[in-house]
Amino acid sequence: MCGKEAAVRLRYANLWLCREHFLEFFERRVERTLRRYGMVREGDRIGVAVSGGKDSMVALYVLSRLGERVGFEVCGLHIDLGISAENYSRVCLQRVVEAFRELGLVYRVLSLKKEYGFTVEEAAKRVRRPQCAVCGLVRRYVLNKMALEMGVTKLATGHHLNDFAVFIVNNVVHANYAYLARLKPMLLARAGLVARIRPLLETPEHDIAAYARFLGIRYADIRCPYGAEEPTKVVGRFLEIVEKRSPGITMMMVRGFIARCLPILESRFGEEEVRACKECGYPTTGDLCAFCRLLRRIGARR
Ligand SMILES: [Zn+2]
Ligand SMILES: [Zn+2]
């Protein structure tokens, strides 16, 4: 574009870009995603849920940089899950706090152990369920609670294009159509629930890695020791092969899904009837929400 030596090649766009032009390209695209799906408004207070890994850390940096331009405020949220294997949670916490401070953000870190008296590992053992299931449940609930307490208007996560693509294919393979209906760029706020947005929805993982490298973002370069389950990894590899043969096809599938499939799925699988949890008020289909049931089963305090 500018005659300088290229630092990155984007096959799907047939572009070679220098560092500066890449950063501009990357941020413009996130800004377009925000506008296209109406994810932010002027005056919003965006809470970024940061795990410490590459994706959520990049979401934090790019949103901080866009905040001034678009006119919203950014703050940081992190849960210390207390995963002791391979020092995972300790390394994550360190990186996240460094980033929050470097960016000068208002932030909150919640330690599961200090707040509720258990770690994810302990809870999973007690209820004999997979780590990832317990972890997902706890994170969804606690992040929402933190966001409400911090006056966050929208909670942002680091899910990117490839996450979406894997999720779509995986759920089609398993015929989980009701689940697919919830795969939206933005989940609106409801009683007790903060709105959720996915600003990296149209950003390929490869570009996220390049952005982190060019900005020198220090993230926790370790995977959770309990890792993602094998089937999604297989789907991910399959999609990589397809993308290599037809650059841009992943973007086309995800955009096509959102524009054409999602409206049909939504009209078929409407929002479930929910009421407020008797203990905490969180929306649930039963009497108690899943988090309160978990607390009861492990006899934790609240
Ligand atoms: Zn350039
Ligand atoms: Zn509850």
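Leaving aside neighbours within four places in sequence, Thr-33 is in contact with three residues, Pro-199, Leu-201 and Glu-202, in this predicted model. Thr-33 itself belongs to helix α1, which covers residues 19-36, and it counts as partly exposed because 19 C-beta neighbours are found inside 10 Å, whereas a residue needs 20 or more to be called buried. The C-alpha atom of Thr-33 is also separated by 9.0 Å from that of Pro-185, although the two residues are 152 residues apart along the chain.

A second pairing of this kind involves Phe-238, a residue of helix α10, which runs over residues 230-245. Phe-238 and Val-166 are 72 residues apart in sequence, and their C-alpha atoms are 9.3 Å apart in space. Phe-238 is exposed, because 12 other C-beta atoms lie within 10 Å, and a residue with 12 or fewer falls into that class.

Turning to the protein as a whole, the secondary structure consists of twelve helices and ten strands. Among contacts between residues at least 6 apart in sequence, 73% join residues that are at least 24 apart. The C-alpha atoms fill a box of roughly 65 × 45 × 40 Å, taken along the principal axes. For 302 residues, a compact globule would be expected to have a radius of gyration near 19 Å, and the value of 20 Å for the protein therefore agrees with that expectation.

Of the 302 residues, 35% are buried. The largest nonpolar core has 73 residues, and those with the most contacts inside it are Val-48, Ala-59, Leu-60, Leu-63, Leu-77, Val-120 and Ala-156. Helix α2, which spans residues 54-70, gives the most to this core, contributing eight residues. The surroundings of Val-48 can be described in detail: once its neighbours within four places in sequence are left aside, Val-48 is in contact with Ser-56, Ala-59, Leu-60, Leu-63, Val-74, Gly-76, Leu-77 and Ala-156.

The packing of three helices, α5, α6 and α12, can be followed pair by pair. Helix α5 (residues 120-127) and helix α6 (residues 131-149) pack at an angle of about 120 degrees, and their axes are 9 Å apart. At this angle α5 is oblique to α6, since the range counted as roughly perpendicular is 65 to 115 degrees. The crossing in which α5 passes α6 is right-handed, and the contact is made by Val-120, Glu-121, Ala-123, Ala-124 and Val-127 on the side of α5, together with Gln-131, Val-134, Cys-135 and Val-138 on the side of α6.

Helix α6 also meets helix α12 (residues 290-298), where the axes come within 9 Å and cross at roughly 120 degrees. The crossing of α6 and α12 is left-handed, and the residues that make the contact are Leu-137, Val-138 and Tyr-141 of α6 and Ala-290, Phe-291 and Leu-294 of α12. Val-138 thus takes part in the contact of α6 with α5 and in that of α6 with α12.

The remaining pair of these helices, α5 and α12, packs at an angle of about 75 degrees, with the axes 10 Å apart, which means that α5 is roughly perpendicular to α12. In this pair, Ala-123, Arg-126 and Val-127 of α5 meet Leu-294, Arg-297 and Ile-298 of α12. Ala-123 and Val-127, which meet α12 here, also belong to the contact that α5 makes with α6.

Notes: Residues numbered from 1 in each chain as written. Chains lettered and ligands numbered in written order. Predicted model: local features only at pLDDT ≥ 70, side-chain atom pairs only at ≥ 80, totals over all residues. Helix = DSSP H or I, 4+ residues; strand = E, 2+ residues; numbered from the N terminus. Rg over C-alpha atoms; globule rule 2.2 N^0.38 Å. Contact = placed C-beta atoms within 7 Å. Core = buried A, V, L, I, M, F, W, Y, C linked by C-beta atoms within 7 Å. Axes fitted to C-alpha atoms, helices over the stretch in contact; angles between N-to-C directions. Parallel < 35°, antiparallel > 145°, perpendicular 65-115°, else oblique. Left-handed = near helix turned anticlockwise from the far one by under 90°.
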